[in-house]
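I opened this one to see how its nonpolar residues are arranged. My notes follow, in the order I looked things up.

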Amino acid sequence: DGVERRDDGTAVLRLRVKAVPDKGKANAAVLVLLAKALGVPKSALSVVSGETARLKTIAVVGQGAELVARLEALKSTPT
């Protein structure tokens, strides 16, 4: 759904997946979606915090500058 600015000034990437939040299915779908969008293998992503919450922190292993550029491109891509 794009980037959202929260009340505290932080920016979050809003995602929507069809998988239900049952036994990690939604988390797995989020990782697959992000991996595809960032052009990295899904093994390069992991949920760091928020595994059972709506707000999650995802760690991405890879070249920092390239990942930032891809995230910036996602911000400007219409949904």
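**Contacts, core and surface**

I started with Val30: leaving out residues up to four places away in sequence, Val30 touches Leu15 and Val17. I kept in mind that this is a predicted model.

Next I pulled up the largest nonpolar core. I found 10 residues there: Val30, Leu31, Leu34, Ala35, Leu38, Val40, Ala44, Leu45, Val47 and Leu67. Which elements give two or more residues to this core? I got α1 (25-38) and β3 (45-49). I noted that α1 gives the most, with five residues. As background, I jotted down that nonpolar side chains in soluble globular proteins tend to be buried together.

Then I went to the outside. I found a nonpolar surface patch of about 360 Å², made by Val3, Leu13, Leu15, Leu33 and Leu71. Leu15 had already come up as a contact of Val30.

I picked Val3 from the patch for a second look. Val3 sits in strand β1, residues 2-5. I read a relative accessible area of 41% for Val3, so I logged Val3 as partly exposed; the partly exposed range runs between 20% and 50%.

Last, I checked backbone angles. Lys23 caught my eye: its phi is near 55°, a positive value in a residue other than glycine. Most residues other than glycine have a negative phi. Where is Lys23 placed? I traced Lys23 to the loop between β2 (11-14) and α1. Is Lys23 buried or exposed? I put Lys23 down as exposed, because its relative accessible area is 77% and the cut-off for exposed is over 50%.

Definitions and conventions: Residues are numbered from 1 along each chain as its sequence is written. This is a predicted model: local features need pLDDT of at least 70, side-chain atom pairs count only at pLDDT 80 or more; totals for chains, interfaces and linings use all residues. Side-chain values use heavy atoms; hydrogens and water are left out. A nonpolar core is a set of buried Ala, Val, Leu, Ile, Met, Phe, Trp, Tyr and Cys residues joined through side-chain atoms within 4.5 Å. Buried means under 20% relative accessible area, exposed over 50%, partly exposed in between (1.4 Å probe, protein chains only). Helices (H or I, at least four residues) and strands (E, at least two) are DSSP runs, numbered from the N terminus. Contact means heavy atoms within 4.5 Å. Patches are made of residues with over 30% relative accessible area and no salt bridge: like charges are joined within 9 Å, nonpolar side chains (Val, Leu, Ile, Met, Phe, Trp, Tyr) within 5 Å. Accessible areas come from the Shrake-Rupley method with a 1.4 Å probe; for residues, only the protein chains shown count as cover. A salt bridge is a side-chain nitrogen of Lys or Arg within 4 Å of a carboxyl oxygen of Asp or Glu.
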